[in-house]
Amino acid sequence: MPFMDLLFHAQTVHRANFAPNQVQVSTLLSIKTGACPEDCKYCPQSGHYNTELEKEKLMEVQKVLQEAELAKEQGATRFCMGAAWKHPSEKDFPYVLEMIKGVKQLGLESCVTLGTLNKDQAKQLAEVGLDYYNHNLDTSPEYYDSIITTRSYQERLDTLSNVRDTGVKLCCGGIMGMGEEQKDRVGLLRQLSQMTPHPESVPINMLVKVAGTPLENVDDLDEFEFIRTIAVARIIMPTSHVRLSAGRQTMSEQTQALCFMAGANSIFYGEKLLTTGNPEADSDRMLFKKLGITPEQRHDVSDEAVQESIVAKAKAQEEAKFFYDASV
Ligand code: SF4
């Protein structure tokens with residue numbers, strides 16, 4: 001479609017499903033950094049590449065909760081914790097469960113990304129009240145092997161299904177600008193849109209090229225193509241939060257505004273996006289002000305609010321039975 005037509009269509013779908021000038025704000029913290037056994041070609045945390053990243057062990061629970069409190073003070077409603085693991089170990093997993101409990105007690109939504117999960121781990125996460133699990137498909141099934149060889153696409157789909165079975169919401173998207181073709185961006189969006197229900201959160205990342213990774217010199221993706229990808233995600237997954245994710249730091253304010261116009265309604269706020277930079281929270285606040293955007297408040301979308309509105313509707317229907325319409 002012509003760019004303007006596509007954007008208009010996406011914005012129309014967006015307005016039918018969301019408050020048009022609200023953007024959900026999350027904060028992301030790396031709770032275990034580097035030395036990952038996977039070989040994702042875009043990732044500075046992979047142990048396969050020398051990116052001079054400082055490796056860190058699993059953070060202490062108290063330290064994580066201090067960061068979560070700070071994120072809350074800065075206006076975040078969701079706190080996301082990422083660990084560079086193939087899968088969580090038996091030794092570390094209980095600490096992650098404690099972190100989730102603590103984040104929930106602060107009144108924040110919780111999200112973790114820990115790699116592959118089996119059914120039992122997914123269940124334990126659900127039991128402590130995890131709200132979202134992030135596990136990206138990254139790209140199309142066809143292009144996937146050019147990017148990752150140590151974890152199969154099917155393994156990712158299995159983890160997503162293990163999480164979905166527990167009722168924890170899914171955060172699942174991909175990365176654009178890894179040398180893929182348009183058909184691969186389409187292929188990724190098709191995979192996501194075929195999940196029932198759609199992932200509640202769909203991060204659309206622009207590759208951040210990091211020196212030392214195999215993708216450090218890949219050609220830039222045209223930003224219009226990136227905006228188009230967001231627009232298509234909005235149209236085919238109308239009720240999902242589409243997150244403008246990594247890569248925002250190199251985008252102009254105008255490009256980010258077009259991404260919001262195309263239906264992006266979630267961002268990471270704060271100083272760091274795992275190990276690559278993220279625009280300072282203050283510049284995000286300035287941009288929101290210029291665009292008249294306000295951060296989405298948690299009660300707008302919480303399960304409790306949805307539950308309350310269902311109960312209220314049911315009550316109204318029940319009460320309606322006791323009245324007859326005197327006007328007919
Ligand atoms: S993207 Fe995740 S799984 Fe892949 S190398 Fe980086 S930390 Fe490991």
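Start with the whole fold: the protein has 11 helices and 12 strands. The model is predicted. Color by burial, and 43% of the 328 residues count as buried. Now turn to contacts between residues at least 6 apart in sequence: 78% of them join residues at least 24 apart.

**Stop 1: helix α2**

Select residues 61–73. This is helix α2, with 13 residues. Check its length first. At 1.5 Å a residue the helix should span 18 Å, and its end C-alpha atoms are 19 Å apart, so the two agree.

Next, pick out V64, A68 and A71, the buried residues of α2. They cover an arc of only 60° around the axis, which puts them on the same side of the helix. Rotate to the other side of α2, where Q62, K63 and E73 are exposed.

What sits over the buried residues? Show β1 (22–32), β2 (78–83) and α3 (93–105), which are among the elements covering them. Before leaving, select G75, which follows α2 and has a positive phi, near 105°.

**Stop 2: the annotated positions**

Select C80, C111, C171 and R243. An unreviewed UniProt entry annotates these as "binding site". They span 164 residues in sequence, yet no two of their C-alpha atoms are more than 13.9 Å apart, so they gather at one spot.

Zoom in on C111, in strand β3 (residues 109–113). Is C111 buried or exposed? It has 24 C-beta neighbours inside 10 Å, and therefore C111 counts as buried; the cut-off is 20 or more. Leaving aside residues up to four places away in sequence, C111 touches R78, C80, D131, Y132, N134 and C171. Two of the annotated positions, C80 and C171, appear in that list.

Move to C171, in strand β5 (residues 169–171). C171 is also buried, because 28 other C-beta atoms lie within 10 Å. With the same exclusion of residues up to four places away, its contacts are C111, Y132, Y133, N134, P199, S201 and P203. Display Y132 and N134 together with the two cysteines: C111 touches both, and C171 does too.

**Stop 3: the ligand**

Center on the ligand and show the residues around it. Which are they? Select C36, E38, C40, C43, Q45, S46, A84 and G115. Color this shell by residue class. It divides into four nonpolar, three polar and one charged.

Key: Residues numbered from 1 in each chain as written. Predicted model: local features only at pLDDT ≥ 70, side-chain atom pairs only at ≥ 80, totals over all residues. Near = placed C-beta within 6 Å. Nonpolar A, V, L, I, M, F, W, Y, C, P; charged D, E, K, R; others polar. Helix = DSSP H or I, 4+ residues; strand = E, 2+ residues; numbered from the N terminus. Buried ≥ 20, exposed ≤ 12 C-beta atoms within 10 Å, placed from the backbone. Contact = placed C-beta atoms within 7 Å. Expected span 1.5 Å × (residues − 1). Arc of directions from axis to C-beta. UniProt positions renumbered as here; feature names shortened; annotations may be inferred.
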